[in-house]
Amino acid sequence: MADVEGARTRSRQPSLAAKVRRLCAREGLLAGSGRVLVMLSGGQDSVTLLELLAGRELGGMRPAYLHVLHVNHHLRGEESDADEALVRAHCERLGLDLTVAHLQVEKAGGNVQERAREARRAEAVVTAMRTACNRIALGHTADDQVETLLYRIGRYGGLAALRSMPAVDLPWIRPLLDVRREETSTFCRARGLAYAIDRGNAYPGYARTGIREQVLPAWEAALPGAVQGALRTAEVAAEAECVLQEVLTATGIDCAVAVLDVPVVTALPPALRRLVLRAWLEGREGFVVTRAAVLAVEEVLHGQGSAGRDLGGGWRAIREYDLVRVEPRRWGGGSCDAGPAGQGAATVPAPVALSVPGEVEWGSAVVRAEPVAHFFAPDPRREAYVDARVVPGELLVRAPQPGDRFRPLGAPGARKLQDLFTDVRIPAAQRCSVPLVVSGDEIVWVCGVAVAEHGRIAPDTTGMVRLSLRARGAGRA
């Protein structure tokens with residue numbers, strides 16, 4: 001009976017095409033869009049999107065002209081070329097114009113997936129302009145939406161994390177946002193549509209892989225319909241944020257300025273004041289906004305005279321009279337310049353052994369090392385991920401020394417550490433207060449500045465260590 005009832009329930013569900021038509025009509029995704037550029041990776045989602053836009057199931061919403069863009073990053077060798085061949089076959093079958101862009105992405109350093117995504121977006125805008133397309137269609141599904149939501153909640157928090165991706169953010173449109181990934185797979189199989197499988201998406205070190213393969217299935221099993229509930233939350237949060245932006249604008253406070261006027265901000269009601277502070281902090285490049293940081297700045301506002309407060313992640317809020325600002329801070333025991341006459345140089349913290357796992361204090365900093373199973377896009381001001389093979393034993397946290405050499409991630413070779421400090425504009429007087437994490441004779445991480453090339457997470461990496469930095473007295477990073 002249960003199987004029969006399940007079949008009846010599924011038969012009452014709208015088809016994939018019906019869901020897409022409903023979303024397009026409700027949000028005006030294709031309104032006035034005579035020409036649409038489709039981003040086609042060759043995966044099941046983008047193949048489904050192309051088939052719908054090129055077919056007759058969208059009725060009067062079907063675009064008059066489609067142009068397809070495929071970007072080959074050549075990150076997976078022959079597999080990338082096979083994806084391109086598959087895309088070409090689909091476009092030839094449907095009689096569609098195709099642009100293939102070959103954009104190689106440097107694998108060393110930082111988040112390769114993010115850099116590839118930015119390169120694709122930039123190429124899409126250029127291609128859309130060249131082909132006179134006024135919409136760019138992306139194949140993001142409900143699963144992508146909820147994965148993004150859960151990732152951003154866990155990583156950043158705040159209302160913007162709940163909002164995630166909008167269905168329409170011109171020129172970008174996402175017609176499949178109400179469709180589950182399993183539905184696109186079923187759609188392709190039912191129609192005999194070949195699609196590519198990117199094995200890189202299954203790499204266990206990526207946080208999104210864990211969310212996709214572990215969190216979402218367990219969540220749905222414990223609470224059926226959880227993904228749909230999360231999608232509704234994302235939609236409502238997006239609308240609420242639009243209203244809050246209007247409220248924020250009505251305050252007349254320019255959140256792009258470097259300093260805030262304390263009396264003006266403190267005169268606001270608490271909820272509105274915190275909204276202003278969050279928007280202002282989000283405008284500080286490199287600053288990761290947290291609820292704790294917003295509340296800490298609020299405390300500084302209510303202080304008397306000059307005051308300061310560590311915000312975590314290497315940042316500090318400083319109030320001077322009726323103005324408040326935030327700025328990055330350095331981590332050691334003070335300036336490296338000589339003190340007053342006869343007193344010599346300021347004291348530099350002594351080297352401290354750091355075990356894995358372990359945590360040590362060094363000057364005003366706390367440095368931590370811990371094995372981890374998943375790789376998150378790091379905040380370079382306060383953390384780094386390295387291959388566990390480069391930290392096999394006890395580490396050392398110490399100050400820079402004359403003659404130190406270091407090869408930053410992605411650099412062609414080693415260089416003088418002082419040259420790196422010059423490049424990132426760390427004043428000479430502050431360089432001895434930057435902690436180094438050292439394994440043997442090799443610098444693994446220049447804390448808050450750069451990670452070493454030999455610590456890079458590679459395809460054959462089997463274990464990772466997260467190195468993190470915070471101000472002493474602040475919460476764990």
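How many bridges join strand 14 to strand 21, and do the two run parallel or antiparallel? In this predicted model, strand 14, which spans residues 383-387, is joined to strand 21 by 5 bridges, and the two strands run antiparallel. Within this pairing, Glu383 has Ser468 of strand 21 as its bridge partner.

Strand 21 also pairs with strand 13 (residues 365-372), to which it is joined by 8 bridges, again in an antiparallel arrangement. Here Glu370 is the residue that stands opposite Arg466 of strand 21.

The surroundings of strand 21 are reflected in its accessibility: the strand comprises residues 464-471 and is mostly covered, with 8 of its 8 residues buried. Both of its faces are covered, since on one side Met464, Arg466, Ser468 and Arg470 are buried, and on the other side Val465, Leu467, Leu469 and Ala471 are buried as well. Arg466, which faces Glu370 across the pairing with strand 13, and Ser468, the partner of Glu383, thus both belong to the side that also carries Met464 and Arg470.

A further position examined was Pro328, which is found in strand 10 (residues 323-328). Pro328 has a relative accessible area of 36% and is therefore classed as partly exposed, the class that lies between the limits of 20% and 50%. When residues up to four places away in sequence are not counted, Pro328 touches Gly314, Trp315 and Arg381. Pro328 and Arg316, although 12 residues apart in sequence, are separated by 6.2 Å in space, taken from C-alpha to C-alpha.

Notes: Residues numbered from 1 in each chain as written. Predicted model: local features only at pLDDT ≥ 70, side-chain atom pairs only at ≥ 80, totals over all residues. Heavy atoms only, no water. Buried < 20%, exposed > 50% of the residue type's maximum accessible area, 1.4 Å probe, protein only. Helix = DSSP H or I, 4+ residues; strand = E, 2+ residues; numbered from the N terminus. Pairing = 2+ DSSP bridges. Contact = heavy atoms within 4.5 Å.
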